[in-house]
Amino acid sequence: MKFPKLKGVQFFPVTPFGTDGALAGELLAQHIDSGVRAGAGGVFVACGTGEFHALSPEEIERATRVAVETTAGRVPVLSAAGGPVPTVLDQVARIERAGADGILLLPPYLVTAPQEGLLRYVETVTAATTLPVVFYQRGTARLTAPTAAAIAALPGVIGLKDGIGDIELMHRIVRAVRALPDSGDFQFFNGLPTAEMTVPAYQGIGVELYSSAVFAFAPEIALAFHQALAQGDQTLVATLLTEFYAPLVELRDEVPGYAVSLVKAGVRIRGLDVGGVRPPLLDPTPEHLARLTQLIDHGLEAVKA
């Protein structure tokens with residue numbers, strides 16, 4: 001299946017909510033346009049950072065349409081689908097109708113399935129759409145190398161995103177998929193929270209792409225880190241990992257759900273009022289907001305220096 005090769009930093013925008021709690025389309029368009037102009041390589045709308053878990057199918061469709069219209073073909077747009085089969089098929093139809101370039105397929109809801117069941121889940125989705133699919137390995141959807149290769153061989157599957165973080169397992173998966181005929185265009189993604197912390201390790205096993213939550217609120221830092229990696233500037237990489245990303249991870253881990261809440265708060269800190277998060281997530285406390293603000297300021301100063 002033909003799909004543009006993704007490059008650079010992948011942008012996972014937050015989903016803005018207005019004072020009435022509804023999806024704020026104009027703010028989403030502004031947020032996405034700002035990210036694309038900053039240099040995003042692709043837009044993944046209504047995904048984990050975009051509170052997929054808290055969006056209705058109608059909101060996913062609307063967010064996708066906003067992203068497609070805003071990017072206007074400048075970069076690929078993918079949107080998330082997942083959960084029970086009837087739900088995921090409804091989401092997929094809406095995403096396709098909205099004009100997206102592809103789908104990020106999240107795991108089935110809660111259930112722990114056998115490997116053959118996970119394969120059948122992906123088969124069911126790919127049979128229902130003409131859109132390319134990236135499968136997101138996370139939670140209970142932990143693939144073996146043979147299953148990953150079988151999924152990669154399905155017509156329509158063009159990538160695998162890893163949210164588990166088992167490097168040894170991912171190395172076996174990469175090797176199994178690369179052993180398939182014509183697998184050169186298949187793309188692997190590092191999808192861990194604050195992925196920059198593990199980028200060097202993933203690059204060592206051939207996984208170049210990663211999702212950057214930081215890009216949503218501090219594209220200057222995310223792009224500087226990405227460029228430093230590409231140019232072998234280990235001094236800047238080490239500085240940003242030690243003085244920005246590691247403290248950010250420490251703050252993130254203090255409260256469950258902060259992997260999303262801090263990102264949305266960061267967007268507000270940088271000047272776009274995208275509202276708070278929906279339950280069951282919680283917005284950061286004033287103390288945590290102050291620490292986040294200091295981290296952002298320090299990261300921006302490190303990049304300028």
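The following legends describe an overall view and four close-up views of a predicted model.

In this model, local features need pLDDT of at least 70 and side-chain atom pairs count only at pLDDT 80 or more, whereas totals for chains, interfaces and linings use all residues. Residues are numbered from 1 along each chain as its sequence is written, and side-chain values use heavy atoms, with hydrogens and water left out.

**Figure 1. Overall view of the protein.** The secondary structure comes to 11 helices and eight strands, where helices (H or I, at least four residues) and strands (E, at least two) are DSSP runs numbered from the N terminus. The radius of gyration, taken over C-alpha atoms, is 18 Å, close to the 19 Å that the globule rule (2.2 Å times the number of residues to the power 0.38) gives for 305 residues, so the protein is as compact as a globular protein of that length. Of these 305 residues, 54% count as buried, meaning under 20% relative accessible area with a 1.4 Å probe and protein chains only.

**Figure 2. Close-up of T15 in the loop between β1 (10-11) and α1 (25-38).** T15 is buried, with a relative accessible area of 1%, and its side chain reaches the backbone oxygen of G50 at 2.6 Å. Not counting residues up to four places away in sequence, T15 touches L23, A46, G50, E51, L55, K264 and V274, a contact being heavy atoms within 4.5 Å.

**Figure 3. Close-up of helix α2 (residues 57-71).** This helix has 15 residues and reaches 21 Å from its first C-alpha to its last, close to the 21 Å expected at 1.5 Å a residue, the expected span being 1.5 Å times one less than the number of residues. The buried residues of α2 are E59, I60, E61, A63, T64, V66, A67, T70 and T71, and what covers them includes α1, β2 (42-45), β3 (77-81) and α3. Just after α2, A72 takes a positive phi of about 50°.

**Figure 4. Close-up of Q91 in helix α3 (residues 85-97).** Q91 is buried, with a relative accessible area of 5%. Leaving out residues up to four places away in sequence, Q91 touches F52, I60, A81 and G82; of these partners, I60 is also one of the buried residues of α2.

**Figure 5. Close-up of A228 in helix α8 (residues 219-231).** A228 is buried, with a relative accessible area of 3%, and, leaving aside its neighbours within four places in sequence, A228 is in contact with D233, L236 and V237. A228 and L240 are 12 residues apart in sequence and 9.9 Å apart in space, C-alpha to C-alpha.

Key. Buried means under 20% relative accessible area, exposed over 50%, partly exposed in between (1.4 Å probe, protein chains only). A polar contact is a pair of N or O atoms within 3.5 Å; within protein, one must be able to donate a hydrogen and the other to accept it, and residues adjacent in sequence count only if both atoms are side-chain atoms.
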